[in-house]
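Here is a short report on one protein chain. Look at the structure first, then read on with it beside you.

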Amino acid sequence: MVKFSAIILSIVILFQSLNITYNDVLNMNELIEHAQYHKKAYSDGFITFLSKHYGKLKAEHAKKHQEERKEHEKLPFQFDFHVVDFHKITFNNFAVFISSSITFVEKKDFFHHHNFYNSPDSLGIFQPPRYI
């Protein structure tokens with residue numbers, strides 16, 4: 001049971017990291033049906049189909065085939081990434097000037113520790129039985 005739950009949790013984390021949602025999994029049937037349509041209508045292979053809908057040929061295919069727009073909206077993985085990361089790294093060049101006359105002052109710290117922890121074991125209540 002532990003292995004099964006670990007596998008399920010790993011799959012969920014994988015899907016979340018790839019931004020695969022529940023709707024994308026449900027719409028996989030639409031992807032297969034549309035790929036079969038492209039194979040019959042345009043004699044496209046699966047790689048060409050993926051390129052037309054998710055790759056370099058996507059813009060050109062969307063312009064030429066406006067009648068398929070509703071089918072294209074039903075396909076899975078139709079999301080746009082809008083991730084912007086700004087990192088500002090500033091390197092400052094600074095010089096440390098050390099005076100030649102450094103005076104060390106010895107200071108005695110007044111630190112001591114009190115143990116305020118009270119354990120039930122110290123009372124002897126929770127001790128194992130003893131042989132007499």
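Twelve names make up the lining of the largest pocket in this predicted model. From the earlier part of the list come Lys-52, His-53, Lys-58, His-61, Ala-62 and His-65. Further along the chain, Gln-66, Arg-69, His-72, Glu-73, Leu-75 and Gln-78 also line the pocket. Helix 4, helix 5 (58-64) and helix 6 each give two or more residues to this lining. The volume of the largest pocket is about 180 Å³.

**The overall fold**

What secondary structure does the chain have? The count is six helices and zero strands. Along the sequence, the pattern reads α-α-α-α-α-α. The chain has 132 residues, and 12% of them count as buried. Now take the contacts between residues at least 6 apart in sequence. Of these, 44% join residues at least 24 apart.

Helix 1 offers a check on geometry. It covers residues 2-17, which makes 16 residues. How far should helix 1 span at 1.5 Å a residue? The expected value is 22 Å, because the rise is counted once for each step, one less than the number of residues. The end C-alpha atoms of helix 1 are 22 Å apart, so expectation and model agree.

**Two loops with a positive phi**

Most residues other than glycine have a negative phi. Asn-19 and Ser-43 depart from that sign. Asn-19 comes just after helix 1, and its phi is positive, about 60°. Its place is the loop between helix 1 and helix 2 (22-26). Ser-43 is not a glycine either, yet its phi is positive at about 55°. Ser-43 belongs to the loop between helix 3 and helix 4.

Are these residues buried or exposed? Asn-19 counts as partly exposed because its relative accessibility is 31%, between the cut-offs of 20% and 50%. Ser-43 has 63%, which is over 50%, so Ser-43 counts as exposed.

**Contacts across the sequence**

Met-28 lies in helix 3 (residues 28-42). Which residues does Met-28 touch, leaving aside neighbours within four places in sequence? They are Pro-76 and Phe-77. Leu-75 is 47 residues away from Met-28 in sequence, but their C-alpha atoms are 7.4 Å apart in space. Leu-75 was also named in the lining of the largest pocket.

Leu-50 sits in helix 4. From Leu-50 to Ala-35 is 15 residues along the chain, and 8.4 Å between C-alpha atoms.

**Rings**

A pair of aromatic rings is described by the distance of the centres and the angle of the planes. The model has three aromatic pairs. One of them joins Tyr-54 and Phe-77, with centres 6.5 Å apart and planes at 65°. Why does this pair count as edge-to-face? The angle of 65° is over 60 degrees, so the pair earns that label. The two rings come from distant parts of the chain, 23 residues apart. Tyr-54 is in helix 4 (residues 46-54), while Phe-77 is in the segment after helix 6 (69-74). Recall that Phe-77 is also in contact with Met-28.

Another ring has a charge for company. The charged end of Lys-52 sits over the ring of Tyr-42, at 5.2 Å from the ring centre. Lys-52 is one of the residues that line the largest pocket, too.

**Accessibility side by side**

The table lists four residues from the sections above.

| Residue | Relative accessibility | Class |
|---|---|---|
| Met-28 | 31% | partly exposed |
| Leu-50 | 28% | partly exposed |
| Tyr-54 | 31% | partly exposed |
| Phe-77 | 27% | partly exposed |

Take Phe-77 as the worked case. Its value is 27%, so Phe-77 falls between 20% and 50% and counts as partly exposed. Its ring partner, Tyr-54, is partly exposed at 31%.

Methods:
Residues numbered from 1 in each chain as written. Predicted model: local features only at pLDDT ≥ 70, side-chain atom pairs only at ≥ 80, totals over all residues. Heavy atoms only, no water. Phe/Tyr/Trp six-rings, centres within 6.5 Å; stacked < 30°, edge-to-face > 60°. Helix = DSSP H or I, 4+ residues; strand = E, 2+ residues; numbered from the N terminus. Buried < 20%, exposed > 50% of the residue type's maximum accessible area, 1.4 Å probe, protein only. Lys NZ or Arg CZ within 6 Å of the ring centre and 35° of its normal. Contact = heavy atoms within 4.5 Å. 1 Å grid on protein atoms, 1.4 Å probe; cavity = no way out; pocket = protein on both sides within 12 Å on 5 of 7 lines; lining within 4 Å. Points joined across faces, edges and corners; volume = space filled by probe spheres on them.
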